[in-house]
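Grab a pencil and let's work through a few exercises together. Have a go at each task before you read its solution.

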Amino acid sequence: MQQKPAVLITGASTGIGAVYADRFARRGHPIVMVARDTERMQTLAARLRAETGVEIEILKADLNDPADVAKIETRLRDDPNLGVLVNNAGTALPGTFIEQSSDDVTRLIGLNVTALTRLASAVAPRFGRAGQGAIVNVASVVGLAPELGMTVYGATKAFVLFLSQGLHLELGPKGVYVQAVLPSGTRTEIWQHAGRDVNKIEGMMEVDELVDAALVGFDNRETVTIPTLPELEQWQQYDAARLVMLPNFRQEHAATRYRRKM
Ligand SMILES: NC(=O)c1ccc[n+]([C@@H]2O[C@H](COP(=O)([O-])OP(=O)(O)OC[C@H]3O[C@@H](n4cnc5c(N)ncnc54)[C@H](OP(=O)(O)O)[C@@H]3O)[C@@H](O)[C@H]2O)c1
């Protein structure tokens with residue numbers, strides 16, 4: 001029997017990434033786990049090897065360190081057995097924009113945007129040539145809602161959504177599947193990093209439910225999966241409203257309201 005493609009998951013030491021590792025291992029895929037905390041990954045890997053029998057590899061990497069990112073890029077470029085990239089590692093910051101330091105904001109963008117884009121960029125040409133492969137990018141509903149008050153975090157997630165939609169248009173015709181997953185509040189440690197007590201926030205989804213729902217979207221080859229949204233039509237209407245504007249962007253002259261009266 002042909003071996004299933006291996007799945008490289010960033011941020012696999014805990015939270016959403018750890019559950020992705022569990023679910024893909026149970027589906028019989030070899031797993032490559034990427035994160036900084038080796039001990040946690042070893043514990044999870046030992047359990048998954050015992051329970052599923054699949055091969056689990058651990059790559060320690062700080063995705064804010066260019067040398068570590070380069071290591072993962074090389075692996076994604078060169079290993080023909082890697083058929084799925086789950087770009088999940090991400091973090092959030094406490095405070096408002098004026099309270100956050102430029103260095104912290106730079107690190108947030110480095111992880112949520114730069115590393116994620118570099119890893120997609122490393123693997124996309126190989127997937128394109130092979131005419132197969134999947135890239136899952138974990139974004140967030142915060143990327144659709146500045147009102148939720150996590151401005152830079154939300155901006156990084158808006159980037160991830162846009163990137164995924166663009167990659168879907170570019171790579172879809174070549175046979176590569178690209179999915180953006182937009183979780184809402186999910187019970188993980190990210191809230192601690194954002195300076196919030198997860199137990200004091202209502203409406204948190206459990207992480208297993210989130211990943212299982214995201215995988216239904218994956219199996220259905222959805223481009224955008226919003227697990228909490230009750231009516232898919234709401235997303236479709238939102239996207240359709242955007243598309244209505246497209247033909248109007250290409251104009252030789254400014255709209256009347258922007259023309260000064262002589
Ligand atoms: N939980 C939510 O409510 C929620 C909602 C919407 C979207 N999301 C998104 O879901 C993704 C996963 O978040 P989560 O909730 O599972 O968060 P989490 O529990 O804090 O896990 C984050 C993962 O990313 C890894 N990571 C953090 N910094 C890293 C770095 N510099 N280099 C390599 N790995 C790093 C962590 O591992 P190490 O510390 O071992 O490196 C950990 O495995 C993120 O992209 C997040 O933005 C989460």
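Helices here are DSSP runs of at least four residues, and strands are runs of at least two, both numbered from the N terminus. Keep in mind that this is a predicted model.

**Exercise 1.** Work out how many helices and strands the protein chain has, and how compact the chain is.

*Solution.* Step one: count the runs, and you get eight helices and seven strands. Step two: compare sizes. The globule rule gives 18 Å for 262 residues, and the radius of gyration of the protein chain is 19 Å, close to that, so the chain is as compact as a globular protein of that length. Step three: look at the C-alpha trace, which spans about 75 × 45 × 40 Å along its principal axes.

**Exercise 2.** Find out which residues make polar contacts with the ligand, and how much of the ligand the protein covers.

*Solution.* A polar contact needs N or O atoms within 3.5 Å. Start with Ser-13: an N or O atom in its side chain is 2.8 Å from a ligand oxygen. For Ile-16, a backbone N or O atom lies 2.8 Å from an oxygen of the ligand. Asn-88 also uses a backbone N or O atom, again 2.8 Å from a ligand oxygen. Now the cover: on its own the ligand has 890 Å² of accessible area, and the protein covers 95% of that.

**Exercise 3.** Describe the shell around the ligand.

*Solution.* First, the ligand's space is the largest pocket. Next, 30 residues surround the ligand, with Arg-36 and Tyr-153 among the closest. Sort the shell and you get 13 nonpolar, twelve polar and five charged residues. Finally, H6 gives the most, with three residues.

Technical notes:
Residues numbered from 1 in each chain as written. Predicted model: local features only at pLDDT ≥ 70, side-chain atom pairs only at ≥ 80, totals over all residues. Heavy atoms only, no water. Near = heavy atom within 4 Å. Polar contact = N/O pair within 3.5 Å; in protein donor to acceptor, adjacent residues only side chain to side chain. Areas by Shrake-Rupley, 256 points an atom, 1.4 Å probe, with all protein chains shown as cover. 1 Å grid on protein atoms, 1.4 Å probe; cavity = no way out; pocket = protein on both sides within 12 Å on 5 of 7 lines; lining within 4 Å. Sits in = over half its atoms within 2 Å of the grid points. Nonpolar A, V, L, I, M, F, W, Y, C, P; charged D, E, K, R; others polar. Rg over C-alpha atoms; globule rule 2.2 N^0.38 Å.
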